[in-house]
Amino acid sequence: MDKKIIAVALVLVLMVTAFVGCGQKYKTTKVGDGEYLLQTDREGNTIIREEGIVAVVTDREGEILTYQNGENQTYYVPIPGSLVIDGVVRGDNFKLNILDGWTSTDHNKIIKDKTNNNCYIQFSKIINEFEKDENLGTYLEEVDKQNEKIAEAFSNEETMNNLIKDNPDIAALKGSKYTIEKSDTVLTKDSIHCQVRVHKIVDKEGKVVHYIENYYFVSDKSVYKLDFACVGGEGYDETFNFKAYANENFTFVK
């Protein structure tokens, strides 16, 4: 399987439709302009192989074609990126289970309902391969330097006043505190070693107005990142344990 994640993924939106044929119900999915009847296993789960998603052959009238032994004729529909099916976001090398109250449509992302798309979980590849003498440590050193400058700006009243003059929209952040926590951890039963950065902005009333967790890891010389973000504080819930979610619901295929 090609493990390269396509930046702009074509999402397959699943619709459940009843078809008359062998007394069984089938699912359909759309890929581009085409609609395909899907083969399922005994539990009703869609069958996906390395070659693609397994579809059922039909004639022009929509009747299912079978072999002499009565089995459905099937073929593979290539998966051109990530797809959303059976409550799971699937990509070339990852899976993310969709939580109740969350929705996924595209771009390897799960979005919390009623948050204006500002609260989400997202998986992405951020570096294909390091240049000579570079590694995850040197990359994060540069990231940390930028974050430290942001924290310094928040703690300096004169700097904030100057920033507000140039961009009045950030006036609401005056008096807020920006913190970055750095740690390392392992995720999932496969013990994926991650470098973690947790960003939080708390306003002068003590309300969280921005929250992001970044989990960075390396595989086959590429750098991947699993994010949980509450942009503008939308959807933030201090009881939600993102690491626990990732341990149970994120799968990475090396």
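**Close-up 1. Cys230 and Cys119 in the predicted model, with 3.7 Å between the sulfur of Cys230 and that of Cys119.** For Cys230, the closest cysteine sulfur is the one in Cys119, and because the two are 3.7 Å apart, the distance is too far for a bond. The search from the other side gives the matching result, since the cysteine sulfur closest to that of Cys119 belongs to Cys230, again at 3.7 Å. A disulfide is counted here when a pair of cysteine sulfur atoms lies within 2.5 Å, and by this rule the count comes to zero disulfides. Cys230 is buried, with a relative accessible area of 0%, and Cys119 is likewise buried, its relative accessible area being 0%.

**Close-up 2. A patch of negative charge on the surface, formed by Glu129, Glu131, Asp133 and Glu134.** Among the residues that gather in this patch is Glu131, which is placed in the loop between β12 (119-127) and α1 (136-155). Glu131 has a relative accessibility of 59% and therefore counts as exposed, the cut-off for that term being over 50%.

**Close-up 3. Leu140 of helix α1, shown together with Val196, at a C-alpha to C-alpha distance of 10.0 Å.** Leu140 is a residue of helix α1 and is buried, with a relative accessible area of 3%, where buried requires a value under 20%. In sequence, Leu140 and Val196 are separated by 56 residues, while in space their C-alpha atoms are 10.0 Å apart.

Note on methods
Residues are numbered from 1 along each chain as its sequence is written. This is a predicted model: local features need pLDDT of at least 70, side-chain atom pairs count only at pLDDT 80 or more; totals for chains, interfaces and linings use all residues. Side-chain values use heavy atoms; hydrogens and water are left out. Patches are made of residues with over 30% relative accessible area and no salt bridge: like charges are joined within 9 Å, nonpolar side chains (Val, Leu, Ile, Met, Phe, Trp, Tyr) within 5 Å. Accessible areas come from the Shrake-Rupley method with a 1.4 Å probe; for residues, only the protein chains shown count as cover. A salt bridge is a side-chain nitrogen of Lys or Arg within 4 Å of a carboxyl oxygen of Asp or Glu. Lys and Arg count as positive and Asp and Glu as negative; His and the chain ends are not counted. The place of a charge is taken as NZ of Lys, CZ of Arg, CG of Asp or CD of Glu. Helices (H or I, at least four residues) and strands (E, at least two) are DSSP runs, numbered from the N terminus. Buried means under 20% relative accessible area, exposed over 50%, partly exposed in between (1.4 Å probe, protein chains only).
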